[in-house]
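Welcome, and thank you for taking a look at this structure. Please keep the sequence and the 3D view at hand while you read.

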Amino acid sequence: MAEQGFSGPLEQIDECVWRIPTSYKPGMRVEGRIFAEERLIDQVRADQAPEQVANVAFLPGIQEASLAMPDIHWGYGFCIGGVCATDPEEGGVISPGGVGYDINCGVRLVRTDLMREDVQPRIQELVNLLFKRIPAGVGTGGPYRFNRHELRRILAEGVRFLHQKGWATDSDLECTEESGCMAGADPDAVSQKAMERGEDQCGTLGSGNHFLEVQAVEEVLDPEVANALGLREGGICVMIHSGSRGLGYQVCDDALREFRNTPEKYGISLPDRQLACAPVRSPEGQKYLAAMRAAANYAWANRQLLMWQTREAFEEFFGRPWQELRMNLVYDVAHNIAKIEKHQVGGKQKTVCVHRKGATRAFPPGHPDIAARYRAVGQPVIIPGDMGRSSWVLVGQPGSMEKAFGTACHGAGRVMSRNEAIRQAKGRRIDAELAELGIIAKARSRTGLAEEQPAAYKDVSVVVDVVERAGLAKKVARLRPLGVVKG
């Protein structure tokens, strides 16, 4: 988190949008637009993330505006919550900083037929078992070992490879964004070092803000859509948040090293070296896209195996097959990714490269890229909050296409750096504080809980209010954490 606030102009242009005009910095090709509201705008100003929104507006080929979601906070190159689309026909670029280090970090939601009264009295025991069974923590390996040939297949095929191994169902594929396999992935574009880092980490949670939560549906706001998603009040769900682990981090690190002199090569002037980029159609841009897609496939496979281990743990705990518990995947969404998509820009359809960094695709009802079972209601949008409050399930709305290239936010958004959160937690027991709220939390270290304490985040309910009022997505259900496993 940047310590200094943003001193530039933020002009409110409608109920939920603030603008940074192109006059703020010579070289801005488009304006900046930040989705926010009065309760959030002071937090937005207190951070330097709006400066990053303005900097992204310098990228060649950028369309409409440099955007930021209401969970906006400081990141590498792009802010977290940053969105931009570039047009390859106009020299549009791809920037690794617009995807992030944890490529295809994302969230999946699993529903069950269990009810709160089945779980709440035994939540401590269930969390203990999940903590034992789910590999978590920095550098931690998992029970799945893949040889180099198998790892290459994961990079190329994602969850489809696991389907062939018996670790994914047809329904799992249908309810994963891109069916768990992004076309155009090339294992040959991934370095040996990245491969080595990924050999034993597929099926592991990692650390930082990654988590596995047992949740109860506390409130249903749209019963018809909730029913289509398999959610009901009092029902038990599991939310899993993880990404591509060390493999994805290395792919990003490799690309940033290779892109160091690329802007100069193509005559691109940037206000921030962290925005290093290359034209989408350049050899450098194509290589990064191929490697990023491979890392994205690895991330989908990682979350699939995490879910598979969770299903096995629930089987052991409740003494019933997971199929009988109806532990079905609701949906899996990516929130650190770049995709080639078709969008209406200036009254005509264009094929653009959409960067979503800490932002989630939110396509509206009827969009052809939505899983068939959800096409009538819109793409599920999963927005986790913090350990002490709520998470939300929404569905995409037409406003997302009109205003944000089919995008909504991905979480609550930090208001406190990890170091500051640790400092403020000194002498406190975050697990005990959560226990007083009826939430059982276990982590590999006290530091992990301190970094992720509820006070480190914005109130996700306020953030989600902005998303709905702006017409990006519609609220379906609010979920409350009962038990949390962290690295």
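## A buried salt bridge

Let us begin with a pair of charged side chains. Arg-303 and Asp-332 form a salt bridge, with 2.8 Å between their closest N and O atoms. Arg-303 belongs to helix 12 (residues 283-318) and Asp-332 to strand 11 (residues 328-334), so this contact ties together parts that are 29 residues apart in sequence. Both Arg-303 and Asp-332 are buried. Please bear in mind as you explore that this is a predicted model.

## More charged pairs

How many salt bridges does the count come to? The count comes to 44. One of them joins the side chains of Arg-478 and Glu-219, at 3.1 Å from N to O. Because Arg-478 sits in strand 19 (residues 473-486) and Glu-219 in strand 8 (residues 211-220), the pair ties together parts that are 259 residues apart in sequence. Glu-219 has a relative accessibility of 29%, so it counts as partly exposed.

Another salt bridge is formed by Glu-451 and Arg-418, whose closest N and O atoms are 3.7 Å apart. Here Glu-451 lies in helix 17 (residues 446-451) and Arg-418 in helix 15 (residues 418-424), so the contact ties together parts that are 33 residues apart in sequence. The two partners fall into separate classes of accessibility: Glu-451, at 16% relative accessibility, counts as buried, whereas Arg-418, at 32%, counts as partly exposed. Salt bridges can also share partners, and in this way Glu-15, Glu-37, Arg-39, Asp-465, Glu-468, Arg-469 and Lys-475 are joined into one network.

## Strand 4 and its neighbours

Next, find strand 4, which covers residues 65-73. Is this strand mostly covered or exposed? Strand 4 is mostly covered, with 9 of its 9 residues buried. Strand 4 pairs with strand 3 (residues 31-35) in the parallel sense, over 4 bridges. In this pairing, Gly-32 has Ser-66 of strand 4 as its bridge partner.

Strand 4 also pairs with strand 5 (residues 80-86), this time running antiparallel and joined by 3 bridges. His-73 has Ile-80 of strand 5 as its bridge partner. Strands 4 and 5 make a hairpin with 6 residues between the strands, and in that hairpin Gly-77 takes a positive phi near 75°.

## A cavity beside these strands

Now for the empty space inside the model. The count comes to 1 cavity of 30 Å³ or more, and the largest cavity holds about 30 Å³ of space. Which residues line the largest cavity? Its lining is made of Gln-52, Val-53, Val-56, Ser-66, Leu-67, Phe-78, Cys-79, Gly-82 and Val-83.

Helix 2 (49-56), strand 4 and strand 5 are the elements that give two or more residues to this lining. Of these, helix 2 gives the most, with 3 residues. Ser-66 is thus a residue to find twice: it is the bridge partner of Gly-32, and it is part of the cavity lining.

## The largest pocket

The largest pocket contains about 1200 Å³ of space. It is lined by 45 residues, and those closest to its centre are Asp-102, Gly-208, Asn-209, His-210 and Arg-418. You have already met Arg-418 as the salt-bridge partner of Glu-451.

Strand 8, helix 10 (245-258) and helix 15 are the elements that give two or more residues to the pocket lining. The largest share, 3 residues, comes from helix 10.

## Aromatic rings

Finally, turn to the aromatic side chains. A search of the whole structure finds 11 aromatic pairs. Among them are Phe-146 and Phe-161, whose ring centres are 6.5 Å apart and whose planes meet at 65°, so the pair is edge-to-face. Phe-146 lies in the loop between helix 4 (123-133) and helix 5 (148-157), while Phe-161 lies in helix 6 (residues 159-165), and the pair links these distant parts of the chain, 15 residues apart. Both Phe-146 and Phe-161 are buried. Ring pairs join these two with Tyr-144 and Trp-167 into a cluster.

Some rings also have a charged residue over the face. Arg-444 lies over the face of Phe-131, at 3.9 Å from the ring centre. Lys-475 lies over the face of Trp-392, at 5.0 Å from the ring centre. Lys-475 is also a member of the salt-bridge network that includes Glu-15 and Asp-465.

Terms used. Residues numbered from 1 in each chain as written. Predicted model: local features only at pLDDT ≥ 70, side-chain atom pairs only at ≥ 80, totals over all residues. Heavy atoms only, no water. Buried < 20%, exposed > 50% of the residue type's maximum accessible area, 1.4 Å probe, protein only. Pairing = 2+ DSSP bridges. Salt bridge = Lys/Arg side-chain N within 4 Å of Asp/Glu carboxyl O. Phe/Tyr/Trp six-rings, centres within 6.5 Å; stacked < 30°, edge-to-face > 60°. Lys NZ or Arg CZ within 6 Å of the ring centre and 35° of its normal. 1 Å grid on protein atoms, 1.4 Å probe; cavity = no way out; pocket = protein on both sides within 12 Å on 5 of 7 lines; lining within 4 Å. Points joined across faces, edges and corners; volume = space filled by probe spheres on them.
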